[in-house]
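Here are my notes on the model, as numbered points. Please read them alongside the coordinates.

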Amino acid sequence: MSFETVNSKVVRAHVGPASPVLARRGAMLGYSGQVTFRPVHGQGRGIGGMVGAAMSGESNPMMATEGTGQVLYGYKGLHVTVLELDGNAPLVCEADRLLVHDANLQTSVQFLGSGGVKSAISGAMTGQGLFTTNVHGRGSVALLSHGGAFPLQLNGTQVGVDPQAYVGHVGQLSVDLAAKVGFRDVVGRGSGEAFQLKISGSGTVYVQASEQKF
């Protein structure tokens, strides 16, 4: 593992000549050794073959860390969850969840949900990103969340997740945005859970312990 959890909000990346990393700009807290930092622009092909996701607005300014040493990363006191991808299934998450990842991993953009215009309108209303980032390959990824993220294991089953609490998922899963808006929701007397992500299949869903976005 190239990433080491320091505490719930800080991760240490071990950087080497063959193991550079990409991180959110402004996330570096401290470092030791001979390492350098340079910006990676969203468009085009960057370090490790990374393809930016600026085409949909589903991107954040990134920086490459190269050389030999150890670097501490964290962002705005948010909780950090480290995942190890085995190359068999991509991680799907919103771009602003990405704190740092191995530079050899590839990123691409996909549309979340298959409900057409109705789901698109619902997604905009809830603040859930219509486009999500896929992270492919074998390596380490650190994700940000409010209050920490916990896994939900699915084995051919379905769960409902609040769009604000959804962090990401790994596995053979389908995601649809369901809207259940009644008169009480319109007048502000509903349950407050009018929109839900319906996630089904086999894999792991990561949910944060908060409905706060960032």
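1. Buried means under 20% relative accessible area, exposed over 50%, and partly exposed in between (1.4 Å probe, protein chains only). By that scale Tyr-31 is partly exposed, at 47%. Phe-37 is also partly exposed, at 30%.

2. This is a predicted model: local features need pLDDT of at least 70, side-chain atom pairs count only at pLDDT 80 or more, and totals for chains, interfaces and linings use all residues. Residues are numbered from 1 along each chain as its sequence is written, and side-chain values use heavy atoms, with hydrogens and water left out.

3. There is 1 aromatic pair (rings of Phe, Tyr and Trp, the last by its six-membered ring, with centres within 6.5 Å; planes under 30 degrees apart are stacked, over 60 edge-to-face, the rest tilted). Tyr-31 and Phe-37 form it, edge-to-face, with 5.4 Å between centres and 70° between planes.

4. The largest nonpolar core (buried Ala, Val, Leu, Ile, Met, Phe, Trp, Tyr and Cys residues joined through side-chain atoms within 4.5 Å) has 18 residues. Val-11 and Tyr-73 are among those with the most contacts inside it. Strands S2 (10-15) and S5 (62-73) are among the elements giving two or more residues to this core; strands are DSSP runs of E, at least two residues, numbered from the N terminus. Apart from it lies another core, of 13 residues, including Leu-83 and Leu-143.

5. Asn-134 sits in strand S10 (residues 131-136). Asn-134 is buried, at 8% relative accessibility. Its C-alpha lies 5.9 Å from that of Val-109, 25 residues away along the chain.

Conventions. Helices (H or I, at least four residues) and strands (E, at least two) are DSSP runs, numbered from the N terminus.
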